[in-house]
Every structure is written in structure tokens, then in C-alpha cells.
Amino acid sequence: MRTIKRLTKLNYYFFTTISVLLLSLLFNFSFSKTDGFLIFNRFHPTWLDIFFKYITNFGDGLISILAAVILLSVRKKKKAMTVALAYIYSGLLIQIAKRIFHMPRPKYFFEQTLFQYTHFVEGVNMHDQNSFPSGHTASAFALATVLVLVFKKNKISFYCLFFAFLVGYSRIYLAQHFLIDVIFGAITGIICALVSYHQVYDLKLFRSAKLSKRYKQLKIASQANPI
């Protein structure tokens, strides 16, 4: 199966991702929500406020849509379909989970616990609810994982991974999410990317009717005339 082969060949990306996420989970359960959040938010210079305010937008769904459109414009239909499906699946799962768990965002959580946290980045619209899991992180990891899978190149793994984790950290830095939200957002994005890749490249569920007919004809011909 192509998906399994791709996973073994791209071991750098997946091994690194799983290792970081496991360490993050260990860290998360070693500290309280507030303490863990503060550890990640000790360093807040103005230039980083500006940097992460813009970087976090790369986890917006529009980036995935743009990537799919670009791939489609250069006739990479299967790649475009995989990106689009990963974004749709991750978006749906994230929205369902948010409404099931209905967890408070950092700002509202601190207000309820009477903790004084004052470093909210100017210009960032703060929300109160639906913190778990992080949608921006899921979208970033879904796109990064799909790009690594469809282009089959280990050399882009570092850049895709760095981009995804940067977006994930930006959500904590901007006080939009806690670490646990980011961890499960990343897991959701990766799983949705793998499912999408499997559907498009292994199951070929979205093959056009013309190609399907041609494939069946070739299969029948090969069975009728074995070498």
C-alpha cells in the first residue's frame, strides 16, 4: 500500500513529529494549565509580538485553499484534491470537537481563575470559548503533512515541520490556546492528511469516470491476455 511505503520513506518527518508531540504531552501533564502556559510565554519582545501576529495567519484555512488552487492551476489534480480533503476533514473534526468539549480560551480561563495575565498582543482578537483543539494548528499540520507525502521528498520535511510547529506555537504565544489544544490540533491535522492521501492515492476514490473506465478496460485486457 502506497501510504505505508510513504510513511517508511518519510521517517524523518513522522519520527520527529511524533517525538515532539509525545514530549509535549509529557510536559503538559507535568504542569498545570497556567504554569505550562507561562513557561511558553516568558519572552515577549515587541518584534516577536509582530512576528507571531502575522505568522499565525498561515494556519488559516485560506492558505490551504490557496495551495490547492495553485496545485490545480499547474495541473496537479491529485495533489490539489489531497490538500483540499485534508483541510475539509480537519476543519470538520475540529469544529465538532470544539462544540463537544467547549473549553475556555486562556483569556477567559484566567478571568475565571482570577489570575492576572496582561500580555495580550495588541491587534489580536481574543475569544472566550472553543479552545480545544486548535483549528489553526490542525490546518497547518494537515497542509504540511500532505505536502511531504505528495512531493515524496525528505528535504522539504524540515521546512514543512518547522512551519507547522511555528504556527502551533504562535497560538500559545498569542494567548489563543493552551498547549493541549495545539497538541491535539496537530494530531488531528496529521491524521486527516494521512486519510486524505490514502483515499486519493490508494483507494483512488476520486478518480474521474473516464479514467476509471480506462483502468477497468486495461485490467480486463491483462486478465484475458496474461504474459
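This report walks through the fold, the largest pocket, a surface patch and some local backbone features of one chain.

**Overall fold**

The model is predicted. The chain holds 11 helices and 0 strands. Read from the N terminus on, its elements run α-α-α-α-α-α-α-α-α-α-α. Along the principal axes, the C-alpha trace spans about 75 × 35 × 30 Å.

Helix 10 covers residues 179-203. Its length can be checked against its residue count. At 1.5 Å a residue, its 25 residues should span 36 Å, and the end C-alpha atoms lie 35 Å apart, so the two values agree. Lys 204 follows helix 10. The phi of Lys 204 is positive, near 50 degrees.

**The largest pocket**

The largest pocket holds about 440 Å³ of space. Its lining counts 27 residues. Nearest the pocket centre lie Asp 60, Arg 105, Gly 135, His 136 and Arg 171. By class, the lining has 16 polar, 6 charged and 5 nonpolar residues.

Two helices, helix 6 (77-101) and helix 8 (135-151), each supply at least two residues of this lining. Helix 6 gives the most, with 7 residues.

**A nonpolar patch on the surface**

Four aromatic names mark a nonpolar patch on the surface: Tyr 12, Phe 158, Tyr 159 and Phe 162. Together they have about 480 Å² of accessible area. Helix 9 (residues 157-173) gives the most to this patch, with 3 residues. Tyr 159 sits in helix 9.

**Helix 7 and its salt bridge**

Side chains of opposite charge can pair when their charged atoms come close. The structure holds 1 salt bridge. The partners are Glu 111 and Lys 107, at 2.8 Å from N to O. Both residues lie in helix 7 (residues 106-112). They are 4 residues apart, about one turn of the helix.

**The loop between helix 7 and helix 8**

This loop contains Leu 114 and Pro 133. Leu 114 has a positive phi, near 60 degrees, in a residue other than glycine. The peptide bond from Phe 132 to Pro 133 is cis. Its omega is near -10 degrees.

The table collects the backbone angles given above.

| Site | Angle | Value |
|---|---|---|
| Leu 114 | phi | near 60 degrees |
| Phe 132 to Pro 133 | omega | near -10 degrees |
| Lys 204 | phi | near 50 degrees |

**In brief**

The chain has 11 helices and 0 strands. Helix 6 gives the most to the lining of the largest pocket, and helix 9 gives the most to the nonpolar patch. Helix 7 carries the salt bridge partners Glu 111 and Lys 107. In the loop between helix 7 and helix 8 lies Pro 133, and the peptide bond from Phe 132 to this proline is cis.

Note on methods:
Residues numbered from 1 in each chain as written. Predicted model: local features only at pLDDT ≥ 70, side-chain atom pairs only at ≥ 80, totals over all residues. Heavy atoms only, no water. 1 Å grid on protein atoms, 1.4 Å probe; cavity = no way out; pocket = protein on both sides within 12 Å on 5 of 7 lines; lining within 4 Å. Points joined across faces, edges and corners; volume = space filled by probe spheres on them. Nonpolar A, V, L, I, M, F, W, Y, C, P; charged D, E, K, R; others polar. Expected span 1.5 Å × (residues − 1). Patch = residues over 30% accessible without salt bridge, like charges linked within 9 Å, V, L, I, M, F, W, Y side chains within 5 Å. Areas by Shrake-Rupley, 256 points an atom, 1.4 Å probe, with all protein chains shown as cover. Salt bridge = Lys/Arg side-chain N within 4 Å of Asp/Glu carboxyl O.
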